[in-house]
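This briefing sets out selected features of one protein model, grouped by topic. Please read it alongside the sequence and coordinates shown here.

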Amino acid sequence: MVVKILVPTAGPEPARINASRIVNIAKNFDAQLIVVHIRDQGESRGEGDQALDIFSRLALANGVEHKLVPAIGEISSTIIGQARFHEVDLILMGATEGRGVAGWIMDRIMSSVDVPVLILPWSAKTD
């Protein structure tokens, strides 16, 4: 059985900060990453595509199986839906300075899924 990790990304800057650590975690556990970028209806795909691209390049370079999921919708319900649809074992999110994960989003996600939710601390350095 393959371990599946859902990774919501908030755009290219958070992806640059967290992708290396997240890909390394997946590699160490021989896990598959499901990377999702959620945008609002009418929002440009540009930043989301950049974030997904960052994860894809690192995953490919490290031999990590991955799926890229561009999505449209409300953040917490989309994360919950993607976690259920892909039957993930873990939700792994990175907190970033000034764009930390809102408490209500985390509360809603953690009370709606039966898998662990892990938040990486913010780090300004990129690997």
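In this predicted model, helix α1 covers residues 12-28, a run of 17 residues. From its first C-alpha to its last, α1 reaches 24 Å, close to the 24 Å expected at 1.5 Å a residue. The helix nevertheless contains a kink of about 50°, centred on N18.

**Helix α1 and its surroundings**

- The buried residues of α1 are P12, P14, A15, I17, N18, A19, S20, I22, V23 and A26; N18, on which the kink is centred, is thus listed among them.
- An α-helix has 3.6 residues a turn, so residues three or four places apart point the same way.
- Three strands and a helix are among the partners against which the buried residues of α1 pack, including β1 (4-9), β2 (32-39), α2 (46-61) and β4 (90-94).
- A further partner of these buried residues is β5 (117-120).
- Just after α1, D30 adopts a positive phi of about 50°.

**S56 in helix α2**

- Is S56, a residue of helix α2, buried or exposed?
- S56 counts as buried because its relative accessibility is 12%, and the cut-off for a buried residue is under 20%.
- When neighbours within four places in sequence are left aside, S56 is in contact with H66 and L68.
- Both of these contact residues fall within the range of strand β3 (66-72).

**The internal cavity**

- Rolling a probe the size of a water molecule over the atoms shows where empty space is left.
- The count comes to one cavity of 30 Å³ or more, and the largest cavity holds about 40 Å³ of space.
- Its lining is formed by H37, R39, R45, G48, D49, P70 and A71.
- Strand β2, helix α2 and strand β3 each supply at least two residues of this lining.
- By class, the lining of the largest cavity comprises three charged, two polar and two nonpolar residues.

**The chain as a whole**

- The secondary structure of the protein chain consists of four helices and five strands.
- Read from the N terminus, the elements follow the order β-α-β-α-β-α-β-α-β.
- Of the 127 residues in the protein chain, 45% are buried.
- Among contacts between residues at least 6 apart in sequence, 81% join residues at least 24 apart.

How values were computed: Residues are numbered from 1 along each chain as its sequence is written. This is a predicted model: local features need pLDDT of at least 70, side-chain atom pairs count only at pLDDT 80 or more; totals for chains, interfaces and linings use all residues. Side-chain values use heavy atoms; hydrogens and water are left out. The expected span of a helix is 1.5 Å times one less than its number of residues. The bend at a residue is the angle between axes fitted to the seven residues ending there and the seven starting there. Buried means under 20% relative accessible area, exposed over 50%, partly exposed in between (1.4 Å probe, protein chains only). Contact means heavy atoms within 4.5 Å. On a 1 Å grid over the protein atoms alone, a cavity is a set of points where a 1.4 Å probe fits but cannot get out, and a pocket is an open set with protein on both sides within 12 Å along at least five of seven lines; lining residues have an atom within 4 Å of a point. Grid points are joined across faces, edges and corners, and a volume is the space filled by probe spheres set on the points. Ala, Val, Leu, Ile, Met, Phe, Trp, Tyr, Cys and Pro count as nonpolar, Asp, Glu, Lys and Arg as charged, and the others, Gly among them, as polar.
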